[in-house]
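Here's a quick walk through the fold and the chain-to-chain contact. Have a look at the model first, then read on.

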Amino acid sequence: MRDTVEIDTVEQAAASPKLPQPYAELGLAQDEYERIRTILGRRPTGCELAMYAVMWSEHCSYKSSKIHLRQFADKAPQSDALLVGIGENAGVVDIGQGWAVTFKIESHNHPSFVEPYQGAATGVGGIVRDILSMGARPVAVLDPLRFGPLDAPDTGRVLPGVVAGIGGYGNCLGLPTIGGEVGFDPSYAGNPLVNALCLGVLRRDAIKLAKASGPGNQVILYGAKTGRDGIGGVSVLASATFDSAGFGAGDGDGEGNGAGGRDLGGPAAKKPSVQVGDPFTEKTLIECSLELFERNLVAGIQDLGGAGLACATSELASAGTGGMRVWLDRVHLREPSMTPHEVLTSESQERMCAIVTPAEVPEFLAICEKWDVDAAIIGEVTGVSPAEAEAGGRLVISWHGEVVVDVPPRTVAHEGPVYARPFARPADQDAVVADAPSPGRLARPVSADELRSTLFRLAGSANLCAKTWVTAQYDRYVQGNTVLAQPADAGVIRVDESTGLGVAVSTDGNGRYTRLDPYAGAQLALAEAFRNVAATGARPLAVTNCLNFGSPEDPGVMWQFAEAVRGLADGCRALGIPVTGGNVSFYNQTGDVAILPTPIVGVLGVIDDVARRTRTGFGGVGDVVLLLGTTRDELGGSEWAYAVHGHLGGLPPAVDLAAERVLADLLAAGSREGLLSAAHDLSDGGLAQALVESCLAGSVGAHIALPGDLDPFVWLFAESAARAVVAVPAAAEQRFTKMCQARDFPVARLGVVGGDALDVQGQFSISLAELRSVHEATMPAQFG
Amino acid sequence: MTRIGVVTFPGSLDDRDAARAVRLAGGVPVPLWHRDTDLAGIEAIILPGGFSYGDYLRTGAIARFSPVMETVISAAGRGVPVLGICNGFQILCESHLLPGALTRNNHLHFICRDQRLRIESARTAWTTGYRPGAEIVIPVKNGEGRYVADPDTLARLDGDGLVVARYLEGNPNGSVADIAGITNPAGNVVGLMPHPEHAVDALTGPGTDGLGFFTSVLRGLVRA
């Protein structure tokens, strides 16, 4: 078969310097192509060109974001908890008692638009392998999702497919889904967001790293066989935009700098670039890998995701000794007619690449056989001369005896292009900010009836309604350690059954706030996740983020990105929790129109005893309801302005990170001392929505009296940050209130838990049954 | 101490949960691998939930032919208590240890929720600890949990008191006659779609209503 295919060898490349090469079609700019020629001192072979193209794609190289992302390290607060930071597959955090956790969030937006089920499924699969490759057992998943309008016809295609894909894959892996979000906005109609966060647990001395060290060590590819799926996924899909028709032909050039003319067809034509998931294979791969780790048979390990073997071999070599020899024809193939460049860039799922000492190879292979996991020795680590080391190491890949790749792996994996893209505050930014939702601009509800119907409207709105239709399709119980799951403020997982040590995780993000002020918007996302984790009683420790933005070639988008990163880095420093890793997703736009800038922030916290976790729902009848924090007339970017008036303007709520820290401290102390029977953060929809959720989650009503110093509408619907509503047993009220006063933190008594209605004195009373039917009917009415 | 085997097929997911439930009930869980054929010292067997071998064919259709199942089938014939939960129930039906079949949920979605059940038979090896008619809440989570059987089988299940549990307050998957679990005439083999192993600790489940399945079998074995 191979005789019929012309293989472009290094020898041929040296002999035919003038051969035209399709670098632009592969997404490389001309100057990038020239740089490859300079590095190699000749034209690249077809395989080398494919390898550089995928590894230098925006998705893999972070070439547009790198200069900004450095702030996460530069501004990182001192943290004893951080065991592995940015740059590895995922960050690792010490949570005490010898335990560590690793967590990371990634996007799979474009594949999920093209093929919702497989796109979302393989998004889960990819992040799970990242966590696994740190040496950890994956223990939970959270899925932040954004779609076009709830009633848009294409949402009916995308949302059910994405949800089924996440469930189909995650459920089959035995991973509980414990949180995430589902949000809607027209800007996501042609470009939904499918982010997935995975959490893993390991002993702190069992961390694995992605490096190939020790000449003579063997390179073993194990897991699924390699096929033709997902070729060019990172460069064709993840680093390009969709056209405005969504399903039309042609698409914007992904990588800019004059490399135009990339007409690869619409989403339908890109289907072959979407990978296909096999969760059963991933499940056995996980169990097999964990057994390999436990027996200490792995010297280095890397999962195969975007850019497949091209990425795994170059990254492992670059991070290790620097030398690697790979016999590509030893890779087990699903389709024997595959060419070497297809083998190198295939994104077939459920594969891992391990570095194993020769003595341990037999035991390694025996364990793979026990799990019926396919394994092939495809290469070995080689030594490098000082000159080679200086040049970036040496990765030599051959195909049936002919050398098709001979490159310094560091130039592929770690020394890709870096761009300082121009950025500028968008021309319309001032006008958007000036259009504040003042009473004169947007009519506010005044009468009791108007307030009541506003509450109903929000509680049943697409963004605030119950998401049970979605979350009921996810297994939350498997593994038996789920202490809290959606719709709780944060998911809580027990790590150690004997001591009760556990972790809490929440993801949050608000594209509207970020559109109005990207610096503040990113901080508000961080603050909300921080607050959600604290509401369960956990102490926030670390941050991961998935930065979803439009095209970095648009200076306005780049400004949003730069501001959001700056805000997030400053915010993490102010809150004292470091960023441990994350992901950037650019080119989220339809035609020229970018999505709302959507940084999703995940915060991880530790709780010493999960039995002390605080619930979201109100519990004991007679418990006192307190509002913590300061409420202001802050409605810019609010759910009220959006859902009732379709308005987006003004400024988002003020950020007060010092107040967030005090609030988190209060919530943790309240949990530790057993004073809180419930706690719920205030965010979208304000106090009204928080009360609705706390009552429904606890299946009990509340009698509320709004303090008189503000307009009832502002009390109910303003979205001021650094606030939470808590319930405390009457006997503990004084003690908790004193704790607040001692910290100079505002606390207001709102009322008591009880009855079967949400009763707001002097305004309205709504039965729980009525609230529930409004809150829970929206999604089923749309999707059945 | 009573040893209860928990079988792990490739793709089993709730095996560790089932083992934890056995431990919390006071027994000793013994992991069994799908290739194991020796059940020496094992006094009862649990086939846990999951997607054995991926369940890309009919659920349980491949697991039914695994080496361990031949042993399980013969042990069941000798009266050894066997509990199949979710995928385990599907495997028991494929193995013809129990009649009928589990098919795709009528609404076509996977569903995970806390489910109220009524214990219809307290005479099986796994339910003696419950009062007949007792109502319990344990999680249900499945994509193919809709029990179906031909009219004669249904009449026999009803007439002989072989229905172990029925769904209350809403059938989650369209099961015929709200059937959530059944037993064989000897009462040692029970198949159950909901997951009692996820309701053995109030911290991580809706309550502890599921513990009774495991304490029931342990008590019976100690007496025997």
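Chain A of this predicted model has 784 residues and a radius of gyration of 26 Å, which agrees with the value near 28 Å that a compact globule of that length would have. Stretched out along its principal axes, the C-alpha trace of chain A covers about 85 × 55 × 45 Å.

What's inside? The secondary structure of chain A adds up to 28 helices and 28 strands. As for burial, 64% of the 784 residues in chain A count as buried. Take the contacts in chain A between residues at least 6 apart in sequence: 84% of them link residues at least 24 apart.

Helix α7 of chain A, residues 116-132, makes a handy example. Its 17 residues should span 24 Å at 1.5 Å a residue, and the end C-alpha atoms do sit 24 Å apart, so the two values agree. Is α7(A) enclosed or open to the outside? Since 17 of its 17 residues are buried, α7(A) is largely enclosed by the rest of the structure.

Now for the partner chain. The contact draws 24 residues from chain A and 23 residues from chain B. On the chain A side, these elements each give two or more residues to the surface that touches chain B:

| Element of chain A | Residues |
|---|---|
| α8 | 153-173 |
| α11 | 279-294 |
| β14 | 482-484 |

By residue type, the side of chain A that touches chain B splits into 10 nonpolar, nine polar and five charged residues.

How values were computed. Residues numbered from 1 in each chain as written. Chains lettered and ligands numbered in written order. Predicted model: local features only at pLDDT ≥ 70, side-chain atom pairs only at ≥ 80, totals over all residues. Helix = DSSP H or I, 4+ residues; strand = E, 2+ residues; numbered from the N terminus. Rg over C-alpha atoms; globule rule 2.2 N^0.38 Å. Buried ≥ 20, exposed ≤ 12 C-beta atoms within 10 Å, placed from the backbone. Contact = placed C-beta atoms within 7 Å. Expected span 1.5 Å × (residues − 1). Nonpolar A, V, L, I, M, F, W, Y, C, P; charged D, E, K, R; others polar.
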